[in-house]
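Please work through the following exercises with the sequence and the three-dimensional model at hand. Each task is followed by a solution in steps.

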Amino acid sequence: MSPKIKIANLYKSFGSHNVLQGVDLEVEQGRSLVILGGSGTGKSVLIKTVIGLIKPDSGNIWIDGKDTTYVSGKKRFEIMSKCGFLFQAGALFDSLTVQENITFFVEKITKMSRKYKRDLATEKLESVGLSSRVLDLYPAELSGGMQKRVSLARAICANPEIIFFDEPTTGLDPIMANVINELIIKVREELGATTITITHDMHSARMIAKQVALIFDGKILWNGSIDEMEMADNPYLHQFINGLTQGPVSV
């Protein structure tokens with residue numbers, strides 16, 4: 001059985017700045033992968049390249065066994081219709097209501113009646129622990145935690161097979177961060193989705209990961225199960241997961 005996502009020898013530079021330098025990675029169907037790494041190590045560029053927001057310089061990406069690296073237009077849209085994305089800052093549209101934000105992308109691929117859109121938005125809100133009372137509010141009227149939940153509701157609105165989470169707990173207090181982590185686990189199990197999360201938050205990683213990959217200087221330095229992570233003898237991984245100031249990563 002081929003992996004849900006396969007990345008091979010992926011390179012990406014911006015001018016003289018080499019960000020991805022030969023990334024190789026596979027994610028099995030239904031797996032929860034957490035990509036660890038410090039700031040500027042290539043985490044965000046990697047997942048944005050996988051979903052097609054950034055074009056790689058070289059290398060290949062397969063989703064469901066199909067090479068998606070350089071497709072564009074209608075073909076890219078078809079591929080992305082099976083994906084959900086939770087952006088780091090939520091990326092809600094300020095001028096749209098909660099309901100309009102949640103159904104924004106689904107409306108691009110499916111014709112829906114007004115009632116169906118409202119029912120769908122209500123269903124997804126309930127999945128992330130929010131009431132339909134917020135449907136007609138605007139993002140500015142919500143707390144940071146509520147905005148993150150609405151963003152998650154939007155990410156799962158089309159029942160995606162793959163969900164990407166970009167630093168999902170950044171800016172949240174510890175309690176709300178745990179709420180979001182638990183919701184990520186919940187929606188993954190409900191949808192049977194394959195998830196890729198990038199984070200530097202080790203508490204979140206330990207909660208949601210089944211597979212962990214460490215990226216450093218644009219390369220995957222370690223890849224294994226969450227259980228193997230604590231016992232691994234990789235000095236970069238050991239330094240990162242324990243927050244040590246001494247080690248191969250200079251601070």
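The exercises below concern a predicted model.

**Exercise 1. The sheet**

Task: Determine in which order the strands of the open sheet are arranged, and which strands stand at its edges.

Solution.
- Step 1. The open sheet is formed by 6 strands, and their order is β6-β7-β8-β3-β9-β10, with mixed pairing.
- Step 2. β6 (83-86) and β10 (219-225) each have a single partner strand, so one side of each lacks a neighbour in the sheet; these two therefore stand at the edges.
- Step 3. From one strand to the next, the twist averages 15°.
- Step 4. Within the sheet, strand β3 (residues 32-36) pairs with strand β9 (residues 211-216) in the parallel sense, over 4 bridges. L214 in β9 is the bridge partner of L36.
- Step 5. Helix α10 (residues 235-242) lies across β3, β9 and β10, and runs at about 105° to β9.

**Exercise 2. Two residues compared with the burial cut-off**

Task: Decide whether S127 and A209 are buried or exposed, and list what each one touches beyond four places in sequence.

Solution.
- Step 1. A residue is called buried when its relative accessible area is under 20%.
- Step 2. S127 belongs to helix α5 (residues 114-127). Its relative accessibility is 15%, so S127 counts as buried.
- Step 3. Not counting residues up to four places away in sequence, S127 touches I156, L183, K186 and E190.
- Step 4. A209 is located in the loop between α8 (202-208) and β9. With 8% relative accessibility, A209 also falls under the cut-off and therefore counts as buried.
- Step 5. Apart from neighbours within four places in sequence, A209 is in contact with S32, V34 and I226. The C-alpha atoms of A209 and D227 are 9.6 Å apart, while the two residues are 18 residues apart in sequence.

**Exercise 3. The largest pocket and the largest cavity**

Task: Describe the lining of the largest pocket and that of the largest cavity by residue class.

Solution.
- Step 1. The largest pocket holds about 530 Å³ of space. It is lined by 19 residues, of which M80, S81, C83, F85 and F105 are the closest to its centre.
- Step 2. Two or more lining residues of this pocket come from each of α2 (73-80), β6, α4 (106-109) and α6 (144-155).
- Step 3. By class, the pocket lining comprises 13 nonpolar, 3 polar and 3 charged residues.
- Step 4. A search of the whole structure finds 1 cavity of 30 Å³ or more, and the largest cavity contains about 40 Å³ of space.
- Step 5. I7, L25, V27, L33, I35, L46, I47, V50 and I196 line the largest cavity. β2 (17-27), β3 and α1 (43-50) each give two or more residues to this lining, and α1 gives the most, with 3 residues.
- Step 6. The cavity lining has 9 nonpolar residues, no polar and no charged ones.

**Exercise 4. Positive phi angles**

Task: State where N9 and N159 are found and what phi each has.

Solution.
- Step 1. Most residues other than glycine have a negative phi.
- Step 2. N9 is not a glycine, yet its phi is positive, at about 50°. N9 is found in strand β1 (residues 5-14) and is partly exposed, with a relative accessible area of 42%.
- Step 3. N159 has a positive phi near 50° and is likewise a residue other than glycine. N159 lies in the loop between α6 and β7 (162-166), and at 45% relative accessibility N159 counts as partly exposed.

Technical notes:
Residues are numbered from 1 along each chain as its sequence is written. This is a predicted model: local features need pLDDT of at least 70, side-chain atom pairs count only at pLDDT 80 or more; totals for chains, interfaces and linings use all residues. Side-chain values use heavy atoms; hydrogens and water are left out. Two strands pair if DSSP finds at least two bridges between them. Axes are lines fitted to C-alpha atoms, for helices over the stretch in contact, and angles run from 0 to 180 degrees between N-to-C directions. Contact means heavy atoms within 4.5 Å. On a 1 Å grid over the protein atoms alone, a cavity is a set of points where a 1.4 Å probe fits but cannot get out, and a pocket is an open set with protein on both sides within 12 Å along at least five of seven lines; lining residues have an atom within 4 Å of a point. Grid points are joined across faces, edges and corners, and a volume is the space filled by probe spheres set on the points. Ala, Val, Leu, Ile, Met, Phe, Trp, Tyr, Cys and Pro count as nonpolar, Asp, Glu, Lys and Arg as charged, and the others, Gly among them, as polar. Buried means under 20% relative accessible area, exposed over 50%, partly exposed in between (1.4 Å probe, protein chains only).
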